[in-house]
Amino acid sequence: MMYSTISTPNSYGLSKNSAIEGQVSQYIFTRREVIPPRQDVLWRIEHGAVRTLTWGEDGTFITLGYWGLGDLIGYPLSRIKPYQIECLTGVEVSIVPPHLWHQDIDALLSHIQQTEDLLSIVHRKPISLRLWQFLLWLSEKFGRDTDKGKLIDLNITHQDIAEVLNTTRVTITRLLQQFEEEGTILRHKRRIILQLRKNMN
């Protein structure tokens, strides 16, 4: 089943933040909502996390990236079709119009670098190393320190991970259970905590 897209600016189904209306156009989306396809703007993430994705002819999802606070996302950054931006949490974004893109060179460079990081991880072997490197990447981007380790503060499912790493949900579940048995990770309210002192590199 493919995600539906919203193609017209007047059918967004989103909430505008009136507190800053007239200054910067800022919008709020709910979890699993799709950010509207607009070719004339980039979106800056002010709060929350999203993933960019496409899908093959058989409907299989292909995750292109995970993005969080401060990242620039948007349809002008990709030539891939179909292309979709899905909210993984509640998300607040602001619009960056084309005449201001040159002010965000650092964010645009970061977008390229993160895409290459993820591409490199997806080609690691064996799959256990691929998964561990991806968890490390998530912990650097969405992690926060706790007394038990680095908490990945993102509700990501085994299926979501499998789609990123080009493997099956069953394989991801088995490897996460193995990591947990080894004491490399802990589970906390559907979140993953990395115990980095047990580095698997």
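Is Arg144 buried or partly exposed? Arg144 is partly exposed, with a relative accessible area of 43%. Keep in mind throughout that this model is predicted.

**Exercise 1. Describe the chain as a whole, and say how confident the predictor is.**

Step 1. Count the elements. The protein chain has four helices and 12 strands.

Step 2. Look at cover. Of its 201 residues, 43% count as buried.

Step 3. Look at the surface. The accessible surface comes to about 10,900 Å². Carbon and sulfur atoms hold 51% of that area.

Step 4. Look at contacts. Take those between residues at least 6 apart in sequence: 66% of them join residues at least 24 apart.

Step 5. Check confidence. The pLDDT averages 86 over the protein chain, and 86% of the residues score at least 70. Over residues 1-23 the pLDDT is below 50. Beyond near neighbours in sequence, that stretch has 38 contacts in the model.

**Exercise 2. Take three salt bridges and place each partner.**

Step 1. Set the cut-off. A side-chain nitrogen of Lys or Arg must lie within 4 Å of a carboxyl oxygen of Asp or Glu. By this rule the count comes to 12 salt bridges.

Step 2. Start with Arg32 and Glu86. Their closest N and O atoms are 3.0 Å apart. Arg32 lies in the loop between strand 2 (26-29) and strand 3 (42-47), and Glu86 lies in strand 7 (residues 84-87), so the pair ties together parts that are 54 residues apart in sequence. Arg32 is partly exposed at 28% relative accessibility, whereas Glu86 is buried at 0%.

Step 3. Go on to Arg51 and Asp160. Here the closest N and O atoms are 3.9 Å apart. Arg51 belongs to strand 4 (residues 50-55) and Asp160 to helix 3 (residues 158-165), so this bridge ties together parts that are 109 residues apart in sequence. Arg51 is buried at 1% relative accessibility. Asp160 is buried too, with a relative accessible area of 4%.

Step 4. Finish with Arg144 and Asp153. The closest N and O atoms of this bridge are 3.3 Å apart. Arg144 is partly exposed at 43%. Asp153 is partly exposed at 35%.

Step 5. Link up. Arg32, Arg51, Glu86, Asp160 and Glu163 form a network of salt bridges.

**Exercise 3. Find the nonpolar cores and say which elements supply the largest one.**

Step 1. Recall the general trend. In soluble globular proteins, nonpolar side chains tend to be buried together.

Step 2. Find the largest core. It has 27 residues. Tyr66, Leu131, Phe134, Leu135 and Leu176 touch the most other members.

Step 3. Trace the suppliers. Helix 1, helix 2 (127-142), helix 3, helix 4 (169-182) and strand 12 (191-194) each give at least two residues. The largest share, eight residues, comes from helix 2.

Step 4. Zoom in on Leu176. Leave aside its neighbours within four places in sequence. Leu176 is then in contact with Leu131, Leu135, His158, Ile161, Ile185, Arg187 and Ile192.

Step 5. Look for another core. One of 16 residues lies apart from the largest, and Ile73, Tyr83, Ile85 and Val91 are among its members.

**Exercise 4. Decide how covered helix 3 is, and what covers it.**

Step 1. Count. Six of the eight residues of helix 3 are buried, so the helix is mostly covered.

Step 2. Name them. They are Asp160, Ile161, Ala162, Glu163, Val164 and Leu165.

Step 3. Find their partners. These buried residues pack against strand 4, strand 5, helix 1, helix 2 and helix 4.

Step 4. Check the end. Just after helix 3, Asn166 takes a positive phi of about 60°.

**Exercise 5. Contrast Asp71 with Ile105.**

Step 1. Place Asp71. This residue sits in the loop between strand 5 (61-67) and strand 6 (72-73). Asp71 counts as buried because its relative accessibility is 7%.

Step 2. List its contacts. Beyond neighbours within four places in sequence, Asp71 touches Trp43, Arg44, Ile45, Ser110, Gln114 and Lys141.

Step 3. Place Ile105. Its element is helix 1 (residues 105-122). Ile105 counts as partly exposed because its relative accessibility is 43%.

Step 4. Find its patch. Ile105, Leu109 and Ile112 make a nonpolar surface patch of about 260 Å².

Technical notes
Residues are numbered from 1 along each chain as its sequence is written. This is a predicted model: local features need pLDDT of at least 70, side-chain atom pairs count only at pLDDT 80 or more; totals for chains, interfaces and linings use all residues. Side-chain values use heavy atoms; hydrogens and water are left out. Patches are made of residues with over 30% relative accessible area and no salt bridge: like charges are joined within 9 Å, nonpolar side chains (Val, Leu, Ile, Met, Phe, Trp, Tyr) within 5 Å. Accessible areas come from the Shrake-Rupley method with a 1.4 Å probe; for residues, only the protein chains shown count as cover. Buried means under 20% relative accessible area, exposed over 50%, partly exposed in between (1.4 Å probe, protein chains only). A nonpolar core is a set of buried Ala, Val, Leu, Ile, Met, Phe, Trp, Tyr and Cys residues joined through side-chain atoms within 4.5 Å. Contact means heavy atoms within 4.5 Å. pLDDT is the predictor's confidence in each residue, from 0 to 100.
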